[in-house]
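Let's take a walk through a protein model, starting with one residue and working outwards. Keep the structure open while you read.

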Amino acid sequence: MRMRMILPASALTLTACLPAPVPEAFPQDVADAWVERYELHDAAGLAALYTEDAQVLPPDAEIVSGRAAIQEFHARTNPPGSAGIEIATVETLVFGDYAYRQGSFRLKGPGGAVSGGKFIELWKKSDGKWRIHREIWSANAPAPGSGDDEPA
Amino acid sequence: MNRTHLASWAILVALAAAGCERAGTPEAFPQAAADGWLAAFNSGDTTGLALMYSDDAEVLPPDEPIVSGHAAIEEFWKSYDPGQVRIAVSEVETRRLGDYWFREGTYSAIIPEEGEPRIGKFIELWVKSGGAWLLYRHMWSPNAPPPAELPASAPG
C-alpha cells in the first residue's frame, strides 16, 4: 500500500519539476536551403520552406498570405537573372516549436551593384519540419529611382 | 489511506504544483504597454516613446539602417513628426515565445497634409525588463511606396 501511494506521487513531482528542455538549435540547414533555392530562382522550392499559412511582409507591398501566394510572389520578384543574395544571421532564439531569427542581407546585382537590408523571421516547426511562418524585411536605403526591393 | 499517507500526498501534490513556474497561469500580452506606445507617439512624447524600448532595443525602419539605443531611437522618432501624425493599429496577432511576446499587426498613419492614411504592417518582439514589458525589436513597412513628393523619412 505504501509503495502504491508514494510512487505515483513521486512521479508527479518529478514530472512537474523537470527543468525546461534544452532548446533545439536554430534550423540553419533550412535557412541555407532557402538561399540555395533563392539563387536558383526556384519559386516552388522556396515556397515549400514556408508554412501553409505563412505570411510574407514585403516592403512597399501588401502582406502575402499562404504558400501558393508566396510561390507566386517569389516567381514574380525573383525571376531567372535576378540578383544573388548573401545572408548573415545576427540573432536566433528558439522556443519549443517556434524560432526567431534576425539577420541582414546583401543583394549581388549582375552589374556588381550591391544593396543591403535587414530582416526578421518567425519560424514554426510542424510535422517535424521547420519552416518560415512570418518574414519581414526592408532595405537600408531607398532604392535608386524605384521602389523595387528584393526578399531576404 | 491513513493520515500519514494523506499528508504525504498533500505535500507531494503541493510541491508538484508549486515547483514549476511553467505550471502558472499564462500571462496576457502587455496591452497597456502597447497602448502606451501609441499614446506617447500620438501626443508627440518622444522621450516617453524612447523609454518604451529596452536598453538593447533595435528599431528596423524601412529604407534606413537599424537604429539602436534610447537616444538614437528618440531622435529617430522625432523625424516621424509624432503628435502631428497619428497612428492606429489593427488586426493584431500576439504569441508568447518564452520570455518574449511576438506581435504582428497592421497600422494606419494619418498625416495631416495627406488625404489618405498610409497603411502598413509591423512585427514586434517585446521583452520584460525590470518588471516592465519593453520593445526589443520593432520593424514595419508601408504597403505602398511613399508619395514621391514627400521625403523618404516621412511616416508610413
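B:Ile110 is a good place to start: setting aside neighbours within four places in sequence, B:Ile110 is in contact with B:Gln84, B:Val85, B:Arg86 and B:Pro117. Keep in mind that this is a predicted model. You'll find B:Ile110 in strand 4 of chain B. Measure to B:Ala88 from C-alpha to C-alpha and you get 8.4 Å, although 22 residues separate the pair in sequence.

Is B:Ile110 buried, exposed or something in between? Its relative accessibility is 49%, so B:Ile110 counts as partly exposed. Now hop over to chain A and look at A:Thr77, which sits in helix 4, residues 67-77. Here the relative accessibility is 15%, and because buried means under 20%, A:Thr77 counts as buried. The side chain of A:Thr77 also has a polar atom 2.8 Å from the backbone oxygen of A:Phe73.

Here are those two residues side by side:

| Residue | Relative accessibility | Counts as |
|---|---|---|
| B:Ile110 | 49% | partly exposed |
| A:Thr77 | 15% | buried |

Next, the nonpolar cores. In soluble globular proteins, nonpolar side chains tend to be buried together. The largest nonpolar core in this model has 28 residues, and B:Trp37 and B:Trp77 are the ones that touch the most other members. Which parts of chain B give two or more residues to this core? They are helix 2 (31-42), strand 1 (53-60), helix 4 (70-78), strand 4 (100-110), strand 5 (118-129) and strand 6 (132-142). Helix 2 of chain B is the top contributor, with 6 residues.

Zoom in on B:Trp37 for a moment. Not counting residues up to four places away in sequence, B:Trp37 touches B:Leu49, B:Met52, B:Tyr53, B:Trp77, B:Ile87, B:Leu135 and B:His138. Apart from the largest core lies another one, of 26 residues, with A:Phe26, A:Ile85, A:Phe119 and A:Trp130 among them.

Finally, step back to see chain A as a whole. Chain A has 4 helices and 6 strands, and along the sequence they follow the pattern α-α-α-β-β-α-β-β-β-β. Of its 152 residues, 44% count as buried. Chain A exposes about 7400 Å², with carbon and sulfur atoms supplying 57% of that. As for contacts in chain A with a separation of 6 or more, 49% of them join residues 24 or more positions apart.

Conventions:
Residues numbered from 1 in each chain as written. Chains lettered and ligands numbered in written order. Predicted model: local features only at pLDDT ≥ 70, side-chain atom pairs only at ≥ 80, totals over all residues. Heavy atoms only, no water. Core = buried A, V, L, I, M, F, W, Y, C linked by side-chain atoms within 4.5 Å. Buried < 20%, exposed > 50% of the residue type's maximum accessible area, 1.4 Å probe, protein only. Contact = heavy atoms within 4.5 Å. Areas by Shrake-Rupley, 256 points an atom, 1.4 Å probe, with all protein chains shown as cover. Polar contact = N/O pair within 3.5 Å; in protein donor to acceptor, adjacent residues only side chain to side chain.
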